[in-house]
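Open your viewer and get ready to select residues by number. We will go stop by stop, and each stop tells you what to pick and what you will find there.

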Amino acid sequence: MRNKKIYGGILFVTLVIALFWESALIRTLFAYEVLMLPLLFLQAEYFARNLESRLHVPVRYVQKGQEFAVEVELENHSFMPMESIPVEISCENEFTKSRFSAKDTAMAEARKKVRLQFFLEAKYCGRVKVSVEKVKAQDYLRLFSRGSEKKDQSEEVMVLPMIHKIPVQQSFQLEENLKGQLFSKNRTGEDTSEVFDIREYRSGDTSHRIHWKLSAKTDDFMVKEYSLPMERTVLLFLDLHIGKEEKFTQQKLDHFLEILASLSWSMQEQNWHHKVIWWDEQNQMLKEADVSSEEETFRMLEQICSSRVYSKAYEIQELYFRQFGERTEELGMQLDISGKLYHGGRCIKAFRQEKLEEDLMEWELEL
């Protein structure tokens with residue numbers, strides 16, 4: 001716009017001089033300035049048709065507060081150099097819908113490629129969608145700009161929360177079966193493939209638990225107690241409910257994700273295979289993620305960031321029981337969006353937002 005105003009001013013001054021001063025040179029100059037306008041417009045149009053852009057995001061996962069690079073590759077297919085190519089990219093947090101953008105200008109020689117780098121910093125956690133918003137070609141005087149024909153170009157970057165190692169106390173011993181699966185040595189369960197103990201019959205025991213061969217030898221009913229497989233030891237439920245009177249902020253989300261990431265990462269580091277279960281409001285269904293490695297922790301966090309908070313309250317554990325027919329009172333923990341961790345209906349830890357690192361480091365998770 002500034003260049004157009006300057007060029008318009010030059011045209012006006014030249015016209016005034018041509019009207020009041022009888023000079024063939026001034027009139028020729030004015031005619032040349034007028035004829036330049038359509039030529040410059042056609043040049044911008046030509047450049048736009050011969051300009052191609054591609055988006056590259058080299059790093060898929062980044063830490064909160066860490067700079068990451070985004071590259072836009074520009075290819076000039078024309079026989080003339082392009083001296084000014086304005087490029088704009090945008091970043092949108094898919095969970096909170098907050099956006100920010102960055103702009104820069106590149107130049108590309110004839111029949112050559114050039115890469116324009118943007119260095120961005122994500123201040124908040126979540127899945128960030130990076131898109132190319134504008135790529136424009138300009139004439140040499142920058143009077144006209146035309147958008148290049150580009151396909152929908154976007155990439156995703158997962159901004160991870162800070163992860164703190166939580167001391168994990170193992171409250172029961174493990175043993176391994178022939179298939180390499182881990183089972184508790186001092187807790188019973190419902191897995192019929194592994195027998196935990198043999199005991200006398202008690203009222204309420206089902207007939208399928210009776211050890212018939214041993215009962216025949218002892219002249220009394222003996223009952224098998226089955227083992228508790230470790231892959232069912234920890235179920236971590238997430239409550240993404242936000243009350244109508246509560247104000248949801250990006251800081252609250254970061255606080256929640258930092259607790260969740262620290263819990264999940266610390267458990268998998270101690271070889272605790274756990275499940276994370278939450279309600280997906282957008283698809284109206286329960287979702288779960290199996291976590292037994294660091295990579296699966298990252299993928300689980302990414303799935304959470306694709307969900308939404310909701311104002312309607314759900315009993316997540318009850319919904320899980322109805323769907324899978326499995327009680328979770330002993331094995332289930334629940335983390336709500338405010339940072340409170342519950343077990344057996346009782347709050348066992350409330351993590352403070354302003355002193356979260358201190359709370360995580362001093363607390364011990366007992367399994």
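A salt bridge here is a side-chain nitrogen of Lys or Arg within 4 Å of a carboxyl oxygen of Asp or Glu. Keep that in mind, and remember that this is a predicted model.

**Stop 1: a bridge between distant parts**

Select Glu302 and Arg60. Their side chains meet in a salt bridge, with 2.3 Å from N to O. Glu302 sits in helix α5, while Arg60 is in the loop between β1 and β2, 242 residues apart, so this pair links distant parts of the chain. Is each partner buried or exposed? Glu302 is buried, with a relative accessible area of 9%, whereas Arg60 is partly exposed at 34%.

**Stop 2: more salt bridges**

Now pick Arg127 and Glu156, whose side chains form a salt bridge of 3.6 Å, N to O. Because Arg127 belongs to strand β7 and Glu156 to strand β9, the pair ties together parts 29 residues apart in sequence. Arg127 is buried at 16% relative accessible area, and Glu156 is partly exposed at 26%.

Move on to Glu318 and Arg322, where the closest N and O atoms of the salt bridge are 4.0 Å apart. These two are four residues apart in helix α6, which means that about one helical turn separates them. Glu318 is partly exposed, with 30% relative accessible area, and Arg322 is exposed, with 63%.

For a group view, select Glu52, Arg54, Glu71, Glu73, Glu75 and Arg115 together: salt bridges link them in a network. Counted over the model, there are 23 salt bridges.

**Stop 3: helix α2**

Select residues 24-49. This is helix α2, whose 26 residues reach 38 Å from the first C-alpha to the last, close to the 38 Å expected. Where is the kink in α2? Look at Met36: a kink of about 25° lies there, shortly before the proline Pro38. Met36 is also one of the buried residues of α2, which include Leu40, Ala44 and Phe47. Show α1, β1, β4, β7 and β8 as well, since they are among what covers these buried residues.

**Stop 4: Gln138 in strand β7**

From α2, step across to Gln138, which lies in strand β7. Gln138 is buried, at 15% relative accessible area. Its side chain makes a polar contact of 2.7 Å with the side chain of Ser84. Beyond its neighbours within four places in sequence, Gln138 is in contact with residues including Ala44, Phe47 and Phe144.

**Stop 5: α4 and Met300**

Select residues 250-269 to see helix α4, which has 20 residues and reaches 28 Å from its first C-alpha to its last. Of its 20 residues, 18 are buried, so α4 is largely enclosed by the rest of the structure. Just after α4, click on Asn271, which takes a positive phi of about 65°.

Then go to Met300 in helix α5. Met300 is buried, with 0% relative accessibility. Not counting residues up to four places away in sequence, Met300 touches Leu260, Ser264, Val276, Ala289 and Val291. For a distance to try in the viewer, the C-alpha atoms of Met300 and Lys275 are separated by 9.6 Å.

**Last stop: confidence**

Colour the chain by pLDDT. The mean is 83, and 80% of the residues reach 70 or more. Over residues 172-183 the pLDDT is below 50, and this stretch has 34 contacts in the model beyond near neighbours in sequence. Residues 186-196 also have a pLDDT below 50, with 42 such contacts.

Conventions
Residues numbered from 1 in each chain as written. Heavy atoms only, no water. Expected span 1.5 Å × (residues − 1). Bend = angle between axes of the 7 residues up to and from the residue. Buried < 20%, exposed > 50% of the residue type's maximum accessible area, 1.4 Å probe, protein only. Contact = heavy atoms within 4.5 Å. Polar contact = N/O pair within 3.5 Å; in protein donor to acceptor, adjacent residues only side chain to side chain. pLDDT = per-residue confidence, 0-100.
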